[in-house]
Amino acid sequence: QAGTAGAGYADVVRKVLPSVVLIRTASGLGSGVVLDEKGNIVTNAHVAGNATSFEVQLSGDPQPRQAKLVGTYPASDLAVIRVDDPDGMIPASFGDSEKAQVGDVVLAVGNPLGLSGSVTEGIISASGRVVTEPGPNGTVLPDAIQTSAPINPGNSGGALVNTAGQVIGIPTAAASSAQGIGFAIPANLARDI
């Protein structure tokens, strides 16, 4: 049983990896989570930036797919893009982020520094954090999940998952002056949007 003490998380990772994609724009890269079989993907607004077209790479598929912007919601640092060819895309399983508790083990799955399909482990350190994101826009997230799972550039827009393999958050920022403090947007907010 994955997620029990002493057991590895290989089963959880195997379940989640196909639903986490690498997103490339003209100005950089990040991660995204497959929402549905129509090819909709949720990511961070700061990953989407000002781009309207994207290259999306699925786990285990060397051929990038073209995607277009559906909508961006900078106030919550969320955006949705849609892949032209959704064939074989596997939607992630979203959990109830309200049920996430401090001390729960979580895994951050994404593409930090372009290293696709990377997984880091930590716990939920706090919930309901008010966080001002770094950068020129300085988006204020009123209800962020704080985690000790390492979040690096490129992890943004990926998946913060519980040990049942459910997405409970979208990693968005790391505290620039501290290690082991990362933040994620609650999955319930992402799902609403």
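Visitor: Let me start with one pair of strands. How many bridges join strand S10 to strand S11, and which way do the two run?

Guide: In this predicted model, strand S10 (residues 159-161) and strand S11 (residues 167-174) are joined by 2 bridges and run antiparallel. As a general idea, strands of a sheet pair through backbone hydrogen bonds, either parallel or antiparallel. To see the pairing here, look at Leu160, which stands opposite Gly169 in S11.

Visitor: Which strands close into a barrel together with S10 and S11?

Guide: Follow the order S7-S8-S9-S12-S11-S10: these 6 strands close into a barrel, with antiparallel pairing. On average, neighbouring strands of this sheet are turned by 50° against each other, direction ignored.

Visitor: And what do strands S1 to S6 form?

Guide: They form a barrel as well: 6 strands close up in the order S1-S2-S3-S6-S5-S4, again with antiparallel pairing. In this sheet the average turn between neighbouring strands is 40°, direction ignored.

Visitor: I would like to trace part of that order by hand. How many bridges join S1 to S4, and which residues stand opposite each other?

Guide: Strand S1 (residues 20-25) and strand S4 (residues 53-57) run antiparallel and share 3 bridges. Arg24 stands opposite Glu55 in S4, and Ile23 has Val56 as its bridge partner in S4. When you look at such neighbours, keep a general point in mind: in a regular strand the side chains alternate between the two faces of the sheet.

Visitor: Where does the path go from S4?

Guide: On to strand S5 (residues 65-73), which runs antiparallel to S4 and is joined to S4 by 4 bridges. Ser53 has Lys68 in S5 as its bridge partner.

Visitor: Lys68 carries a charge, I suppose. With which residue does the side chain of Lys68 meet in a salt bridge?

Guide: The general idea first: side chains of opposite charge can pair when their charged atoms come close. Here the partner of Lys68 is Asp84, at 3.7 Å from N to O. Asp84 lies in the loop between strand S6 (78-83) and strand S7 (105-110), while Lys68 is in strand S5, so the pair ties together parts that are 16 residues apart in sequence. Lys68 is partly exposed, with a relative accessible area of 45%.

Visitor: How many salt bridges does the model have in total?

Guide: The count comes to 4. One of them joins Asp61 to Arg65, whose closest N and O atoms are 3.4 Å apart. Asp61 is partly exposed at 22% relative accessible area, whereas Arg65 is buried at 13%.

Visitor: Which salt bridge lies within a helix?

Guide: Try helix H1 (residues 10-16), where Asp11 and Arg14 sit 3 residues apart, about one turn of the helix. Their salt bridge brings the closest N and O atoms to 2.4 Å. Asp11 is partly exposed, with a relative accessible area of 45%, and Arg14 counts as exposed at 57%.

Visitor: Let me try a loop residue. Is Ser76 buried or exposed?

Guide: Ser76, found in the loop between S5 and S6, has a relative accessible area of 14%; the cut-off for buried is under 20%, so Ser76 counts as buried. Apart from neighbours within four places in sequence, Ser76 is in contact with Leu141, Ile185, Leu189 and Ile193.

Visitor: What does the whole chain look like?

Guide: The chain has 3 helices and 12 strands. Its radius of gyration is 15 Å, close to the 16 Å that the globule rule gives for 193 residues, so the chain is as compact as a globular protein of that length. The C-alpha trace spans about 40 × 40 × 30 Å along its principal axes. Buried residues make up 48% of the chain. Of the contacts between residues at least 6 apart in sequence, 56% join residues at least 24 apart.

Visitor: Over which residues is the pLDDT below 50?

Guide: The chain has a mean pLDDT of 90, and 95% of its residues reach 70 or more. Residues 1-6 are the stretch below 50, and beyond near neighbours in sequence this stretch has 8 contacts in the model. Where pLDDT is low, the predicted coordinates should not be read in detail.

How values were computed: Residues are numbered from 1 along each chain as its sequence is written. This is a predicted model: local features need pLDDT of at least 70, side-chain atom pairs count only at pLDDT 80 or more; totals for chains, interfaces and linings use all residues. Side-chain values use heavy atoms; hydrogens and water are left out. Two strands pair if DSSP finds at least two bridges between them. Axes are lines fitted to C-alpha atoms, for helices over the stretch in contact, and angles run from 0 to 180 degrees between N-to-C directions. pLDDT is the predictor's confidence in each residue, from 0 to 100. Contact means heavy atoms within 4.5 Å. Buried means under 20% relative accessible area, exposed over 50%, partly exposed in between (1.4 Å probe, protein chains only). The radius of gyration is taken over C-alpha atoms; the globule rule is 2.2 Å times the number of residues to the power 0.38.
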